[in-house]
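Let's take a walk through this fold together. Have the viewer open and follow along.

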Amino acid sequence: MSQIEIFDHSRDQYFMRDALALAAQGAARGEVPVGAVLVQNGAIIGRGFNCPISSNDPSAHAEIVAIRIAATVISNYRLVDSTLYTTLEPCSMCAGLIVHSRITRLVYGALEPKAGIVQSQGRFFTQGFLNHRVLFKGGVLAEECRTVLGDFFRARRDGKLISI
């Protein structure tokens, strides 16, 4: 992956918009609106949105769904030279999977002050015990990502949204 790809802000926004569209699909199903896309060589190889409620699977976070699909698409559990775009700062479960799948780069939108482990509640990717280093960048389309989440929870509090 070249330095240009690592720091290409317009490319990051482009793929984050795809993740936002996936988050909206999850919200329409009553799931917390988080979307994720996994990109390798400029192509999306995995997409996902949160679906733990509808799938009765507590691990069905958007990032995990996208990673599982991508690994199947390329027939390899190692996703080297790839970038994961997600609308929300990952939790510890997702961060662990990002390391184990050897994703090169993580780009996320909004901070997750309660459970985010990249910068909000910890700095997971900087831990010395990890055998893989993940480059990360937060705040891409952060306002849009926060708005999707805020609107969802506001509608839920107001009784305008019924979970599955």
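**Starting from a strand pair**

In this predicted model, start at T86, which stands opposite Y108 in β4. That pairing belongs to β3 and β4, which run in the parallel sense and share five bridges. Put α5 into the picture and you have a right-handed β-α-β unit made of β3, α5 and β4.

Now look at the antiparallel partner: β1 pairs with β3, again over five bridges. Here L38 stands opposite L84 in β3. How many residues of β3 are buried? Seven of the seven are, so the strand is largely enclosed by the rest of the structure.

L84 also turns up in the largest nonpolar core, which has 41 residues; L84, I98, L106 and F125 are the ones with the most contacts inside it. Several elements give two or more residues to this core, among them α2 (9-28), β3 (82-88), α5 (92-100) and α6 (142-157). If you click on F125 and skip its neighbours within four places in sequence, you'll find it in contact with A95, I98, V99, L106, V118, L130, R133, V134 and F136.

Next, swing over to α2. This helix has 20 residues and reaches 29 Å from first C-alpha to last, close to the 28 Å expected. Its buried residues include F15, M16, L20 and A23. The buried set covers an arc of only 170 degrees around the axis, which puts those residues on the same side of α2. They pack against β1, β2, β3, β4, β5 (135-137) and α6. On the other side of the helix, S10, Y14 and A28 are exposed. After α2 comes G30, with a positive phi near 85 degrees.

Technical notes
Residues are numbered from 1 along each chain as its sequence is written. This is a predicted model: local features need pLDDT of at least 70, side-chain atom pairs count only at pLDDT 80 or more; totals for chains, interfaces and linings use all residues. Side-chain values use heavy atoms; hydrogens and water are left out. A nonpolar core is a set of buried Ala, Val, Leu, Ile, Met, Phe, Trp, Tyr and Cys residues joined through side-chain atoms within 4.5 Å. Buried means under 20% relative accessible area, exposed over 50%, partly exposed in between (1.4 Å probe, protein chains only). Helices (H or I, at least four residues) and strands (E, at least two) are DSSP runs, numbered from the N terminus. Contact means heavy atoms within 4.5 Å. The expected span of a helix is 1.5 Å times one less than its number of residues. The arc is that of the directions from the helix axis to the C-beta atoms. Two strands pair if DSSP finds at least two bridges between them. A crossover is right-handed if, with the strands pointing away from the viewer, the path from the first strand over the helix to the second runs clockwise.
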